[in-house]
Amino acid sequence: MARTIIVGLDGSAESGAAAEWAAREAKLRDVPVRLMHVWMPVPEPMAQAPLLGAETHQHWTERVPREAAEGLRLRHPGSR
């Protein structure tokens, strides 16, 4: 069974710190890191607001993990 360290991201500083820890641990253990983005659903009336519409949801669900992965690759070369 392959081992993997999984870390959840929600865009907060705390989840960024967790991703940094995960990258360090993964490198020490020579296992890959899997980043999982977490999006907390909002009530329907709020979801229809221009700031929280489908475009915003798509933007954040793509941006948060992409930027985290790019940063981890730069700060932790050789990580998987």
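Here is a short chat about reading the core, helix 1 and the salt bridges in a predicted model.

Me: Before we start, how are residues numbered, and what counts in this predicted model?

Reply: Numbering runs from 1 along each chain as its sequence is written. As the model is predicted, local features need pLDDT of at least 70 and side-chain atom pairs count only at pLDDT 80 or more, while totals for chains, interfaces and linings use all residues; side-chain values use heavy atoms, leaving out hydrogens and water.

Me: Okay, which residues make up the largest nonpolar core?

Reply: The general idea: in soluble globular proteins, nonpolar side chains tend to be buried together. A nonpolar core is a set of buried Ala, Val, Leu, Ile, Met, Phe, Trp, Tyr and Cys residues joined through side-chain atoms within 4.5 Å. "Buried" is under 20% relative accessible area, "exposed" is over 50%, and "partly exposed" is in between (1.4 Å probe, protein chains only). Here the largest core has twelve residues, including Ile5, Leu9, Ala26, Val33 and Leu72.

Me: Which elements give two or more residues to this core?

Reply: Strand 1 (5–9), helix 1 (13–29) and helix 3 (54–75) do, and helix 1 gives the most, with four. Helices (H or I, at least four residues) and strands (E, at least two) are DSSP runs, numbered from the N terminus.

Me: What is Ala26 in contact with, leaving aside neighbours within four places in sequence?

Reply: Contact means heavy atoms within 4.5 Å. Ala26 has Ile5, Val31, Pro32 and Val33 as its partners on that count.

Me: How do I read the length of helix 1?

Reply: You take 1.5 Å times one less than the number of residues to get the expected span. Helix 1 has 17 residues and reaches 24 Å from its first C-alpha to its last, close to the 24 Å expected. Just after helix 1, Asp30 takes a positive phi of about 55 degrees.

Me: And how many salt bridges does the structure hold?

Reply: A salt bridge is a side-chain nitrogen of Lys or Arg within 4 Å of a carboxyl oxygen of Asp or Glu. This structure holds three. In one of them, Arg75 pairs with Glu20, with the closest N and O atoms 2.5 Å apart. Arg75 is in helix 3 and Glu20 in helix 1, so this pair ties together parts 55 residues apart in sequence.

Me: Is Glu20 buried or exposed?

Reply: Glu20 counts as buried, because its relative accessibility is 17%.

Me: What about Arg29 and Glu25?

Reply: Their side chains meet in a salt bridge too, at 3.0 Å from N to O. Arg29 and Glu25 are four residues apart in helix 1, so about one helical turn separates them. Arg29 is partly exposed at 48%, whereas Glu25 is buried at 18%.
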